[in-house]
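Hi,

Here is the model I said I would pass on. Have a look at it first, and my notes on what turned up are underneath.

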Amino acid sequence: KLVELKTDVVDFDGAFYHVTSSRDKPFTVSIKLKFFLDLEQHSTDEVLRGEYGDLLVRPLEGYNVTLSLDFNIHLPKGDSNDAWLLLVRKIAMLKRNCFATVFEKYFEYQTKQELTNGNHK
């Protein structure tokens, strides 16, 4: 059953979350990170677009990233809880995926260096 929801949450290191849901609008999760401008220098938008596709929409005012889930369009295939688990986990990983872009870039660089220098294991 879809319920009305509007809540703001701050986690242990200052990330602000804004979560809304209503009968006539999509479920949205927005996040505001203190250092997002620094993260954007590392192709954060590209990585998030690759991870979230059309769930990623223009951020709500005051936030860096917004995911929007229209239950009429984005329902997972299948009736099992496992089908929903993948979608819920993907949304829950929003903060992690914002920060991961920095590390992915350097992991790729390190791998290329190891292959070039013959130091792969």
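**The sheet**

There is one open sheet to start with: 5 strands in the order 1-2-3-5-4, with antiparallel pairing. Strand 1 (5-10) and strand 4 (56-57) are the edge strands, each pairing on one side only. Keep in mind while you look that this is a predicted model.

Going through the pairs, strand 2 (residues 16-21) and strand 3 (residues 27-32) run antiparallel and are joined by 5 bridges. These two strands form a hairpin, with 5 residues between them. If you want a spot to check the register, Phe 16 stands opposite Lys 32 in strand 3.

On to the next neighbour: strand 3 also pairs with strand 5, again in the antiparallel sense, over 5 bridges. Here the register can be read from Phe 27, whose bridge partner in strand 5 is Leu 69. Strand 4 and strand 5 are an antiparallel pair too, with 2 bridges, and Val 57 is the residue opposite Thr 66 in strand 5.

**How covered are the strands?**

Strand 5 was the one I spent some time on. In a regular strand, side chains alternate between the two faces of the sheet. In strand 5 both faces are covered: Val 65, Leu 67 and Leu 69 are buried on one side, and Thr 66 and Ser 68 are buried on the other. With 5 of its 5 residues buried, strand 5 is therefore largely enclosed by the rest of the structure. Strand 3 is mostly covered as well, with 5 of its 6 residues buried.

**The pocket**

Which residues line the largest pocket? The list is Tyr 17, Phe 27, Val 29, Leu 69, Phe 71, Trp 84, Leu 87, Val 88, Ile 91, Ala 92 and Leu 94. Strand 3 and helix 3 are the elements that give two or more residues to that lining. Helix 3 provides the largest share of it, 5 residues. The space inside comes to about 180 Å³.

You will recognise Phe 27 and Leu 69 in that list, since they are the bridge partners mentioned for strand 3 and strand 5.

**Some leucines in loops, and a nonpolar patch**

Leu 75, Trp 84 and Val 88 make a nonpolar surface patch of about 260 Å². Trp 84 and Val 88 are also among the residues lining the largest pocket. Leu 75 sits in the loop between strand 5 (65-69) and helix 3 (81-92). Is Leu 75 buried or partly exposed? Its relative accessibility is 45%, so it counts as partly exposed.

Another leucine to look at is Leu 60, in the loop between strand 4 and strand 5. Leu 60 has 35% relative accessibility and so counts as partly exposed. Follow it across to Val 29: the two are 31 residues apart in sequence, yet 9.4 Å apart in space, C-alpha to C-alpha. Val 29 is one of the pocket-lining residues.

**The salt bridges**

How many salt bridges does the structure hold? There are 2. In one, Asp 11 pairs with Lys 95, with the closest N and O atoms 2.7 Å apart. That contact links distant parts of the chain: Asp 11 is in the loop between strand 1 and strand 2, Lys 95 is in helix 4 (residues 94-117), and they are 84 residues apart.

The other is between Lys 95 and Asp 13, where the closest N and O atoms are 2.5 Å apart. Here, too, distant parts of the chain are linked: Lys 95 in helix 4 and Asp 13 in the loop between strand 1 and strand 2 are 82 residues apart. Because the two salt bridges share a partner, Asp 11, Asp 13 and Lys 95 are joined into one network.

Where do these partners stand on accessibility? Lys 95 has a relative accessibility of 13%, under the 20% cut-off, so Lys 95 counts as buried. Asp 13, with a relative accessible area of 39%, is partly exposed.

That is what I have for now.

Cheers

Terms used: Residues numbered from 1 in each chain as written. Predicted model: local features only at pLDDT ≥ 70, side-chain atom pairs only at ≥ 80, totals over all residues. Heavy atoms only, no water. Patch = residues over 30% accessible without salt bridge, like charges linked within 9 Å, V, L, I, M, F, W, Y side chains within 5 Å. Areas by Shrake-Rupley, 256 points an atom, 1.4 Å probe, with all protein chains shown as cover. Salt bridge = Lys/Arg side-chain N within 4 Å of Asp/Glu carboxyl O. Helix = DSSP H or I, 4+ residues; strand = E, 2+ residues; numbered from the N terminus. Buried < 20%, exposed > 50% of the residue type's maximum accessible area, 1.4 Å probe, protein only. Pairing = 2+ DSSP bridges. 1 Å grid on protein atoms, 1.4 Å probe; cavity = no way out; pocket = protein on both sides within 12 Å on 5 of 7 lines; lining within 4 Å. Points joined across faces, edges and corners; volume = space filled by probe spheres on them.
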